[in-house]
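Here are my notes on the model you sent round. Please read them with the structure open.

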Amino acid sequence: MKNMNATYLVPASVPEALAAADANRESFAYLAGGTDLMVHRQQENNTATCLIDLSALPGFDKIEVKNGKILIGAGVTLHELANAETVLRHYPLLAEAAQSIASPVIRKSATVGGNLLVENRCSFFNQSEFWREAIGLCLKCGGDVCIATGGKKACYSVFVSDLVPALICLGAKVQYAVADGMFDMPLEALYTGVGLNPLHLPAGALITQVEVPVKNGVRTWFQKLRPRKSVDFTNLTLALSFEPDNGRLKVALSGVDMGPVVFETGDLSDAFVKSVGKKCRMVENLFYPRAYRKKMVEVYLRQGLKAVGGR
Ligand SMILES: Cc1cc2nc3c(=O)[nH]c(=O)nc-3n(C[C@H](O)[C@H](O)[C@H](O)COP(=O)(O)OP(=O)(O)OC[C@H]3O[C@@H](n4cnc5c(N)ncnc54)[C@H](O)[C@@H]3O)c2cc1C
């Protein structure tokens, strides 16, 4: 059993949070709702010795419309996002994605920022330290090989955020703060697609908000595959947006690869629909078998295209 004691800090501003992270750079974690992080601590997958609570940061919990964009603070809870009048009016896709996550109680604590950075998952990683040691540690927790693939030297842990595919389809940007200032990037650029280090984010960076442009006339669709309709993580999430005026389609998936998988195209042919599942690098490490999940990519894509009038 590892020593799980930690210093607990509650900064009152972004500069204070960044300074706290810098002072504890050897071992710290930002703590938002804690619905992902605290489970990893319980399983001893996260052993940071300093926790920096973000709940007192001013403006982190705001949703506002400004200059043709919806600005969503990193500390907005999934419950607030799913029920915000402005989100329901402009982007029901986001509300639907938020509403599909975890359970009502978890959504009251879970935040948007935490969802963007939710840890990749795998049946051989999301286990107690005792369980993981008993079968031999996998790559993601200090071992030499990926157990899910029978010995590959790459980690196939799965990207599982449900908000991210919806946000990518809507053209979202993520803003983050570091000591040098504030920066932003298209949301898809945040993800490396590498199971061991899934994020392109400077050390100590603090996600501050997500920006989504308000666009009229975009048709959207969302579907999530999981054993139960509540609590369970995704085994495949597919979001899509379609602009009937110019025939452009954007499809984003999670639960199928080490990062989000994204397609932008004007090609709505059968060949395109069949190619999407082939590009998803799934292995046997979630509840449903790989072959079934691959097949369901095509099924969901056909359903989505029909729903938005793209076929
Ligand atoms: C039973 C259960 C079911 C779940 N089901 C789903 C599901 O269906 N879909 C899904 O997507 N997720 C699911 N989750 C995971 C989790 O609840 C959500 O992803 C949630 O949005 C995480 O947000 P949080 O605020 O609790 O993050 P935390 O747990 O506080 O943090 C998560 C990670 O993000 C980092 N972090 C948080 N905020 C910031 C910030 N502003 N800047 C920099 N780093 C930050 C933390 O350091 C940590 O590494 C589930 C969790 C549980 C326990």
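The points below cover the ligand site and then the strands.

1. Ground rules. This is a predicted model, in which local features need pLDDT of at least 70, side-chain atom pairs count only at pLDDT 80 or more, and totals for chains, interfaces and linings use all residues. Residues are numbered from 1 along each chain as its sequence is written, and side-chain values use heavy atoms, with hydrogens and water left out.

2. The shell. The ligand has 31 residues around it. A residue is near a molecule if one of its heavy atoms lies within 4 Å of it. Tyr30, Thr35, Leu37, Thr111 and Asp162 come nearest. By class, the shell has 19 nonpolar, eight polar and four charged residues. Here Ala, Val, Leu, Ile, Met, Phe, Trp, Tyr, Cys and Pro count as nonpolar, Asp, Glu, Lys and Arg as charged, and the others, Gly among them, as polar.

3. Polar contacts. The term means a pair of N or O atoms within 3.5 Å. Thr35 places a polar side-chain atom 2.6 Å from an oxygen atom of the ligand. Backbone atoms take part too: a polar one of Asp36 is 2.8 Å from a ligand oxygen, and a polar one of Ala32 is 2.9 Å from a ligand oxygen. On its own the ligand has 980 Å² of accessible area, and the protein covers 91% of that (Shrake-Rupley method, 1.4 Å probe).

4. Where the shell comes from. Strand S2 (29–31), helix H7 (112–116) and strand S8 (206–213) each supply at least two of its residues. Helices (H or I, at least four residues) and strands (E, at least two) are DSSP runs, numbered from the N terminus. H7 gives the most, with three residues.

5. Between domains. Why does the ligand lie between domain 1 (1–56) and domain 2 (63–116 + 158–308)? Because both domains give residues to the shell around the ligand. The domain bounds come from an automatic or database domain assignment.

6. A hairpin. Strands S6 (residues 173–178) and S7 (residues 181–186) run antiparallel, joined by six bridges. Two strands pair if DSSP finds at least two bridges between them. The hairpin connects S6 to S7 through two residues. Val178 stands opposite Gly181 in S7.

7. An open sheet. Four strands pair antiparallel in the order S9-S10-S11-S12. S9 (219–225) and S12 (261–265) are the edge strands, each pairing on one side only. Strand S11 (residues 248–254) pairs with S12 over five bridges, and Val251 stands opposite Phe263 in S12.

Note on methods. Polar contact = N/O pair within 3.5 Å; in protein donor to acceptor, adjacent residues only side chain to side chain.
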